[in-house]
Structure formats: C-alpha cells, structure tokens
Amino acid sequence: VSNGQAAACWVSVTPDGKLAFTANAGASNISSYAIDKKGNLSLLAAQAGFTSNNGALDMAVSPDGKQLHVFASRAPQQIVSFTISANGSLTKIGTQGGVIPGSAGLGAN
C-alpha cells in the first residue's frame, strides 16, 4: 500500500496484529496502517509521526503495544519514542540522544 513517502525501510506490527508502521528513511517520518482480519492493509496516516529530519530507520513496538521506538540514524542520532493510540495515531513522547556513534540500527524487544 503506497504511502507517498520516501524510502520505507522498516515495518513494525503491534502485538495484537491490528496496526503496522513503516519507517520512511528518506522522509524522516512514520506511516501508520490498519490490518484487517484477512491481513489486508489500509493506510491510516502517511505522516503519522516525525523524527526531526534526522532519518527514520529501524523501529520496534513495545511488547505491550503502547509505544513505538524509532532509530533516527542521521546526526544527531536519536531514539524517538511515540505513544500508539488505538486508532493508530502517534504522539511523540520524547527523544533520547547520545546513541553510540556509528550505530547501524535498533535492537529491541
């Protein structure tokens, strides 16, 4: 499902399988999708969240499905965190700088 953004790089799905998010590296943003019972996707928001123009590479949904953490890979490297609403909207809750220089991704569970 096209989102009109640049360089979709990573996909994360909520534990209940109802929402999916793509990290759009070229656009430094996140797109959100609904997943129906048959596994079909529908775009909820092409620009559901932003990472301050420093990329959006790897990401992970928290095990409880309430937060999305995104590795913004361009300087300044950061982890950008969002809360996930039931309707798939994202609200930025903060950033964590000081990511190890030369980091290539985000490992999370």
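Here a biologist and a modeller talk through a predicted protein model.

Biologist: Let's start with the whole chain. What is the pattern of the protein chain along the sequence?

Modeller: The protein chain reads β-β-β-β-β-β-β-β. It has zero helices and eight strands.

Biologist: How many of its residues count as buried, and what does that word ask for?

Modeller: Of the 109 residues, 39% count as buried. A residue earns the word with under 20% relative accessible area. As for the outside, the protein chain exposes about 5,700 Å², and carbon and sulfur atoms supply 54% of that area.

Biologist: What share of the contacts joins residues at least 24 apart?

Modeller: That share is 37%, taken among contacts between residues at least 6 apart in sequence.

Biologist: Now the strands. What makes S1 and S2 a pair?

Modeller: Two strands pair if there are at least two bridges between them. Strand S1 (residues 8-13) and S2 are joined by five bridges, so with that cut-off they count as a pair, and they run antiparallel. One bridge sets tryptophan 10 opposite alanine 23 in S2. The hairpin of S1 and S2 has five residues between the strands, and glycine 17 takes a positive phi near 75° there.

Biologist: How do you know that S3 and S4 pair as well?

Modeller: The same test works: at least two bridges are needed, and six bridges join S3 to S4, which run antiparallel. In S4, alanine 45 is the bridge partner of serine 32. S3 and S4 also form a hairpin with five residues between them, where glycine 39 in the turn has a positive phi of about 90°.

Biologist: Why is serine 32 called buried?

Modeller: Serine 32 has 1% relative accessibility, and buried means under 20%, so serine 32 counts as buried. This residue lies in strand S3. Leaving out residues up to four places away in sequence, serine 32 touches Ala20, Phe21, Ser42, Leu43, Leu44, Ala45, Ala48 and Gly88.

Biologist: What stands out about the phi of serine 28?

Modeller: Serine 28 has a positive phi of about 55° although it is not a glycine. Most residues other than glycine have a negative phi. Serine 28 sits in the loop between strand S2 (19-24) and strand S3 (29-35).

Biologist: Is serine 28 buried or exposed, and why?

Modeller: The relative accessible area of serine 28 is 2%, which is under the 20% cut-off, so serine 28 is buried.

Biologist: Why is cysteine 9 called partly exposed?

Modeller: Partly exposed lies between the 20% limit for buried and the 50% limit for exposed; cysteine 9 has 37% relative accessibility, so it falls in that range. Cysteine 9 has its place in strand S1. Apart from neighbours within four places in sequence, cysteine 9 is in contact with Ala23, Ala25, Ala56 and Leu57.

Biologist: How far is cysteine 9 from threonine 22 in space?

Modeller: From C-alpha to C-alpha, cysteine 9 and threonine 22 are 6.9 Å apart, with their positions 13 residues apart in sequence numbering. Aspartate 58 is 49 residues from cysteine 9 along the chain, and their C-alpha atoms are separated by 7.3 Å.

Biologist: Where is aspartate 58, and why does it count as buried?

Modeller: Aspartate 58 is found in the loop between S4 and S5. Its relative accessible area is 10%, and under 20% means buried, so aspartate 58 is buried.

Biologist: Which strands form the open sheet, and what makes two of them edge strands?

Modeller: Four strands form the open sheet, in the order S5-S6-S7-S8, and the pairing is antiparallel. Strand S5 (59-61) and strand S8 (90-96) are the edge strands: each pairs on one side only. The twist averages 20° from one strand to the next.

Biologist: How do you know that S5 pairs with S6?

Modeller: At least two bridges are needed, and S5 and strand S6 (residues 67-72) pair in the antiparallel sense over three bridges. Alanine 60 stands opposite histidine 69 in S6.

Biologist: Which residues make the nonpolar surface patch, and why can leucine 41 belong to it?

Modeller: Val1, Leu41 and Leu43 make a patch of about 250 Å². A patch residue needs over 30% relative accessible area, and leucine 41 has 41%, so it passes that cut-off and counts as partly exposed. Leucine 41 is found in strand S4 (residues 41-50).

Technical notes. Residues numbered from 1 in each chain as written. Predicted model: local features only at pLDDT ≥ 70, side-chain atom pairs only at ≥ 80, totals over all residues. Heavy atoms only, no water. Helix = DSSP H or I, 4+ residues; strand = E, 2+ residues; numbered from the N terminus. Axes fitted to C-alpha atoms, helices over the stretch in contact; angles between N-to-C directions. Patch = residues over 30% accessible without salt bridge, like charges linked within 9 Å, V, L, I, M, F, W, Y side chains within 5 Å. Areas by Shrake-Rupley, 256 points an atom, 1.4 Å probe, with all protein chains shown as cover. Salt bridge = Lys/Arg side-chain N within 4 Å of Asp/Glu carboxyl O. Buried < 20%, exposed > 50% of the residue type's maximum accessible area, 1.4 Å probe, protein only. Contact = heavy atoms within 4.5 Å.
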